[in-house]
Amino acid sequence: MKILGAFGSKTKNSQLSAYLLDEKTVIDAGNLIQSLGRDFLKLDNILISHAHFDHIVDLPTAIDTYYSELRKSVNIFATQEVIDILKENIFNNKVWPDFSAIPLMNSSEKTIVFHALEYFKEYTIGNFRFKPYPNFHTFGSCGYIINDIMVFTSDTFLCYHTWDFLNNNKNLKQLVIEVSFPSAYNRLAVLSKHLTPLLLEDELKKLKREDVKIYINHMKYEYMDAIINELKEIGLYDKVTILDDNSEIEIG
Ligand SMILES: [Zn+2]
Ligand SMILES: [Zn+2]
């Protein structure tokens, strides 16, 4: 997994959420254009965890930018709730053209094809297996279990599923989880359904295993130093790996 964007805010030095699994399949579309360039054309499958702007911003623009070169439909996978949000608010012929109704240049196939995912069902998409599950962040949002090895929470909040999966399935060995705000911003974190270092510390008490490799992502870049200092203070820093733009994780 190559991290095209590891952060929850876009700055000169930080890119938004996008997780490339191989050249055909990516989770989230926060940074596809600057990172992939024309390799965007190789993508078959874009899984969207939820419709927040930081996870979708490059989806409408990349499809437009590369439209004339696209030779096959781009498949968009998300829950039906998230698909409805994208159709109503982005691909609505007001904010952006409805590319699910526009055929490719030299074909009758549509430019994008939406595929609805159901929670707790396992799907083979490209070369990977995904099981979406509710991560308690927004209406219709999901995390993914990937290849029965990694729990990828995407934006999440207090979520017993994460810990139930890890405690009950020893095949799961990797956890990618978010910390967005320092604990001083607890109210904002709770209102926006995100984790802080202290909320993560509390959540981790539910994990009954020592052998799970834990990765942290989605820090709001402006709070990165504060979050890292706090993780050090509470003794979590040495137990986790902080993801950065261009980090890579071997799934397995
Ligand atoms: Zn986000
Ligand atoms: Zn979000």
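Mentor: A nonpolar core is a set of buried Ala, Val, Leu, Ile, Met, Phe, Trp, Tyr and Cys residues joined through C-beta atoms within 7 Å. Keep that in mind here. This is a predicted model.

Trainee: Which residues touch the most other members of the largest nonpolar core?

Mentor: Start with the general idea. In soluble globular proteins, nonpolar side chains tend to be buried together. Now the case. The largest nonpolar core has 66 residues, and Tyr19, Val26, Ile46 and Ile48 touch the most other members.

Trainee: Take Ile48. What does Ile48 touch, leaving out residues up to four places away in sequence?

Mentor: Ile48 touches Asp28, Ala29, His55 and Ile56, and also Ile76, Phe77, Ala78 and Val82. Ile76, Phe77 and Ala78 fall in strand S5, residues 74-79. Val82 falls in helix H4, residues 80-89.

Trainee: And Ile46? What is the bridge partner of Ile46 in S5?

Mentor: Ile76 is the partner. Strand S4 covers residues 45-47 and runs parallel to S5, with three bridges joining the two. Helix H4 lies across S5 and S6, at about 120 degrees to S5.

Trainee: How do I read the sheet around them? What is its strand order?

Mentor: First, the general idea. In a regular strand the side chains alternate between the two faces of the sheet. Here the sheet is open, with six strands in the order S1-S2-S3-S4-S5-S6 and mixed pairing. Its edge strands are S1 (2-5) and S6 (112-117), each pairing on one side only. The twist averages 25 degrees from one strand to the next.

Trainee: Next, the hairpin. How many residues lie between S7 and S8?

Mentor: Two residues lie between them, and Gly126 in the turn has a positive phi of about 60 degrees. S7 (residues 123-125) and S8 (residues 128-134) pair in the antiparallel sense over three bridges. Thr124 stands opposite Arg129 in S8.

Trainee: Which strand does S8 join over five bridges?

Mentor: Strand S9, residues 142-146, which runs antiparallel to S8. There, Pro134 has Cys142 as its bridge partner.

Trainee: Now the whole chain. How many helices and strands are there?

Mentor: The protein chain has eight helices and 13 strands. Its radius of gyration is 18 Å, close to the 18 Å from the globule rule for 252 residues, so the chain is as compact as a globular protein of that length. Along the principal axes, the C-alpha atoms fill a box of roughly 55 × 35 × 30 Å.

Trainee: What share of the residues counts as buried?

Mentor: Of the 252 residues, 43% count as buried. For contacts with a separation of 6 or more, 56% come from residues 24 or more positions apart.

Key: Residues numbered from 1 in each chain as written. Chains lettered and ligands numbered in written order. Predicted model: local features only at pLDDT ≥ 70, side-chain atom pairs only at ≥ 80, totals over all residues. Pairing = 2+ DSSP bridges. Helix = DSSP H or I, 4+ residues; strand = E, 2+ residues; numbered from the N terminus. Axes fitted to C-alpha atoms, helices over the stretch in contact; angles between N-to-C directions. Contact = placed C-beta atoms within 7 Å. Buried ≥ 20, exposed ≤ 12 C-beta atoms within 10 Å, placed from the backbone. Rg over C-alpha atoms; globule rule 2.2 N^0.38 Å.
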